[in-house]
Amino acid sequence: MDFQIDKVIGIITREVRNYQTPVVDLMAVQGESPFKILVATILSARTKDEVTAAACKRLFKKVDGPPALAELSETELEKIIYPVGFYRNKAQYLSKLPKVLAERFNGEVPQEMADLLSLPGVGRKTANLVLAVAFGKLAICVDTHVHRIMNIWGYVKTSTPLQTEMALRKKLPQKYWLTINANLVSFGQQTCKPVAPACSRCVLADCCPKIGVRSGKKAKLPTQAGAKKIVSWNVNGLRAVYKKGFLDILKDFDADIFALQEIKAMVEQLPGELVEVPGYYSYWYPAVKKGYSGTAVYTKKKPLEVLYGIGEDGFDQEGRVLTLEYEDFYFVNIYAPNAQCELKRLDFKIAFNNALLQYIEKLSKKKSVVLCGDLNVAHTSIDLANPKSNEGNAGFSPLERAWMDELMAAGYIDSFRKYCSEPHKYTWWSYRFRAREKNIGWRIDYFLLDSKSESRLVGAEIHEDIMGSDHCPVSIGFV
Ligand code: SF4
């Protein structure tokens, strides 16, 4: 389909006139000073617009420029700007800002990219936004919405916001540079959302190629009054999926518990905003070996206790099992080993599976157990697209499948199969041969519940529309 950027931007510009204007752009329209626009931009990162607007209102009642900002202590700033995301870090940046501006820029906000980037708390996105919005300079701010939507349209084919910015600098007509961010942030927040883009009511439904969007249907999360929403996702590298909008996905799911497998990173290698997500406690269990395996959990409710591993060093070095104990259940997040090509690691995997089964049996004597994660096995022939040709291969070998049988025999429930017995429902697709596009996949990510918990299950879903990893998230509702 012929994708005409002028036509599309014209449609979007008209459409978002009915939407709420992002707070920083609104301030520019209202003629606020570059200093206030810079401060608002710093506050707005990873924060809902209404929260930023309220924090700006409180702050700008006391502060009209750098000297007044210098009068406030870091603690006072924290109180004023709370609850913006990362308010402690942002209070630190703001408290350093007046001194840097005074010493290096005569107390003014600089108008060059390199100078802006030297200010505390200012990254490329903030610098571009200040240049475009405060000074009307030719700059393209690329929020994750811009990066995501430009790729959905096929206008760019990039992996990171920085690559998108560079690609747009080459091909996007300059007349759109200053406004593209505001338009696509509004559009991305309200129509082309990272989870469940509303294609059926989208003004671009007829011309959008929807690259990487598998369907426009709403991502259903199990709901029942009082039910907890629990999500599990093998992200295959958290740093990579972060650049593809992970935080938007996390926010959109609004899950009570969000478990990750294969994070492939030490905590200190992760951006702060991934570790400290407003509204969540987070627990991390990376492998000893860098860039390999590892699990993590975000939870809205603080658990009574967190258990790292299953008490066997050989497995625990790989950060494969992370357990959160709540009042009425154990939540066990698992990344099972891959048996590997020619079943080279099958023995290790089976030993892990057996140790895991013993571990969860012990837990289930005390209270309900909910297990989730990438078990790296398709249980039955309807759980993969090509059972015949994969017979005996890693992930579909008799021993691995027998372990799943054993688990079921011990009373564990495969939550998804309680609601759906259809084939062609997968959670992992190879990156090769356009497997995801053709839905040649495997269902190897599960939520399993012990028999005591079955009556507490109120729904189970596979979210195949969510991109960013070679796996998609799975979820349950649990009362
Ligand atoms: S049609 Fe769907 S994918 Fe395309 S822009 Fe609209 S909401 Fe986004």
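# Notebook: a predicted model, from overall form to single residues

**Entry 1. Overall form.** I began with the secondary structure and counted 20 helices and 14 strands in the protein. I note that the model is a predicted one. I then looked up the extent of the chain: along the principal axes, the C-alpha atoms occupy a box of roughly 70 × 55 × 45 Å. Next I asked how the radius of gyration stands against that of a compact globule. For 479 residues such a globule would have a value near 23 Å, and the protein has 24 Å, which agrees.

**Entry 2. Burial and contacts.** I looked up what share of the residues is buried, and found that 44% of the 479 residues count as such. I then turned to the contacts with a sequence separation of 6 or more. Of these, 67% are between residues 24 or more positions apart.

**Entry 3. Surroundings of the ligand.** I listed the residues around the ligand and found 13. Which of them come nearest? I recorded Cys192, Pro197, Cys199, Cys202 and Cys208. I also sorted the shell by class, which gave 10 nonpolar, 2 polar and 1 charged residues.

**Entry 4. Strand 6 and its partners.** I chose strand 6, residues 321-325, for a closer look. Is this strand largely enclosed or largely open? I found that 4 of its 5 residues are buried, so the rest of the structure largely encloses strand 6.

I then followed its pairing on either side. Strand 5, residues 305-308, runs antiparallel to strand 6, and 4 bridges join the two. Strand 7, residues 329-335, is also antiparallel to strand 6, with 5 bridges between them. I traced the connection from strand 6 to strand 7 and found a hairpin through 3 residues.

For single residues I took Glu325 of strand 6. Glu325 is the bridge partner of Glu305, and in strand 7 Glu325 has Tyr330 as its bridge partner.

**Entry 5. Asn390.** My last look-up concerned Asn390, which I located in helix 18, residues 387-390. Why does Asn390 count as partly exposed? I found 16 C-beta neighbours inside 10 Å of Asn390; a residue is buried at 20 or more and exposed at 12 or fewer, so this count falls in between. I also looked up which residues Asn390 touches when neighbours within four places in sequence are left aside. I recorded contacts with Leu384 and Phe396.

How values were computed:
Residues are numbered from 1 along each chain as its sequence is written. This is a predicted model: local features need pLDDT of at least 70, side-chain atom pairs count only at pLDDT 80 or more; totals for chains, interfaces and linings use all residues. Two residues are in contact if their C-beta atoms, placed from the backbone, lie within 7 Å. The radius of gyration is taken over C-alpha atoms; the globule rule is 2.2 Å times the number of residues to the power 0.38. A residue is near a molecule or strand if its C-beta atom, placed from the backbone, lies within 6 Å of it. Ala, Val, Leu, Ile, Met, Phe, Trp, Tyr, Cys and Pro count as nonpolar, Asp, Glu, Lys and Arg as charged, and the others, Gly among them, as polar. Two strands pair if DSSP finds at least two bridges between them.
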